[in-house]
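Please open the model in your viewer and keep the selection tool at hand. The stops below are meant to be followed in order.

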Amino acid sequence: MTGPLRLIGHAPSIYTWTARLVLAHLRLPYAYAEADPFAGDPVPHPMGRVPVLRCGERVLYETGAITRHLDRRAGGTMTPADPWAAARMDQVIGIVDAYAYWPMVRQVYAHAVFRPAHGEAGDPEAVAAGLAAAGPVLDMLEEIAAEGAALGAERTLACAHLAPVLAAFGTAPTGGAMIAARPALARWAGGLRGWPAFAATVDAALPRRGST
């Protein structure tokens with residue numbers, strides 16, 4: 001062990017949701033500190049980003065490193081024992097970071113849902129670009145969900161990294177329709193609200209308005 005846990009995050013941050021989802025699922029006790037990097041709040045990350053995990057006096061950043069550390073700390077229950085399933089888990093996390101986050105969250109969710117929910121105008125061109133880029137990403141995830149190795153009934157770190165992104169994207173009506181058009185992915189996404197840790201963290205944080 002490396003000391004008591006303290007998570008520094010920002011309430012609207014998708015990656016903060018991922019860290020809190022893993023903490024909730026693993027039932028790890030922790031303290032939480034809110035920090036808004038967009039407002040210049042001090043964050044112990046060289047690039048000023050969240051989340052950051054303090055483990056006693058040690059500091060860990062990058063969400064994938066944080067979630068893997070938490071899982072190992074709790075015995076590795078969110079990492080499949082099967083090597084192929086574990087590789088698929090890593091693949092999903094890579095897809096989320098490299099291909100899904102920007103179009104599905106920063107373009108579609110931010111401009112079609114988050115900004116309007118906070119009385120700000122979204123950019124329709126950003127939404128359109130995000131929707132166009134999201135299609136191939138969803139196709140990759142559909143193939144993996146149909147296989148069931150990493151996105152199945154077992155809750156893995158892949159689930160924790162993908163669930164906030166997919167849930168946010170799905171609050172935009174067109175985003176929800178695009179998910180629904182992929183049956184394996186839609187079945188997996190539909191089961192998320194039956195996951196207590198998801199309901200307590202991600203679902204509780206989502207705005208409910210979307211127009212695109």
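The tour passes from strands to aromatic rings and then to one helix residue.

This is a predicted model, in which local features need pLDDT of at least 70 and side-chain atom pairs count only at pLDDT 80 or more, while totals for chains, interfaces and linings use all residues. Residues are numbered from 1 along each chain as its sequence is written, and side-chain values use heavy atoms, with hydrogens and water left out.

**Strands**

Select residues 5-9, which form strand E1. Helices (H or I, at least four residues) and strands (E, at least two) are DSSP runs numbered from the N terminus. Four of the five residues of E1 are buried (buried: under 20% relative accessible area; exposed: over 50%; partly exposed: in between; 1.4 Å probe, protein chains only).

Add residues 52-55, strand E3, which pairs with E1 in the antiparallel sense over four bridges; strands pair if DSSP finds at least two bridges between them. Isoleucine 8 stands opposite valine 52 here. Next, add strand E2 (residues 31-34), which runs parallel to E1 and is joined to E1 by four bridges. Glycine 9 faces glutamate 34 across this pairing.

**Aromatic rings**

How many aromatic pairs does a search of the whole structure find? There are three, where rings of Phe, Tyr and Trp (its six-membered ring) pair if their centres lie within 6.5 Å, and planes under 30 degrees apart count as stacked, over 60 as edge-to-face and the rest as tilted.

Select tyrosine 15 and tyrosine 101, a tilted pair at 5.0 Å centre to centre with 40° between the planes. Tyrosine 15 belongs to helix H1 and tyrosine 101 to helix H3 (residues 83-117), so this pair ties together parts 86 residues apart in sequence. Both tyrosine 15 and tyrosine 101 are buried.

Move to tryptophan 17 and tyrosine 109: their ring centres are 6.5 Å apart and their planes stand at 70°, so the pair is edge-to-face. Tryptophan 17 lies in H1 and tyrosine 109 in H3, 92 residues apart. Tryptophan 17 is buried at a relative accessible area of 4%, and tyrosine 109 is buried at 4%. Add Phe114 to show the cluster that ring pairs form from Trp17, Tyr109 and Phe114.

**Helix H4**

Finally, select isoleucine 144 in helix H4 (residues 124-147). Is isoleucine 144 buried or exposed? Its relative accessibility is 2%, so isoleucine 144 counts as buried. Beyond its neighbours within four places in sequence, the contacts of isoleucine 144 (heavy atoms within 4.5 Å) include Arg88, Val92 and Leu151.
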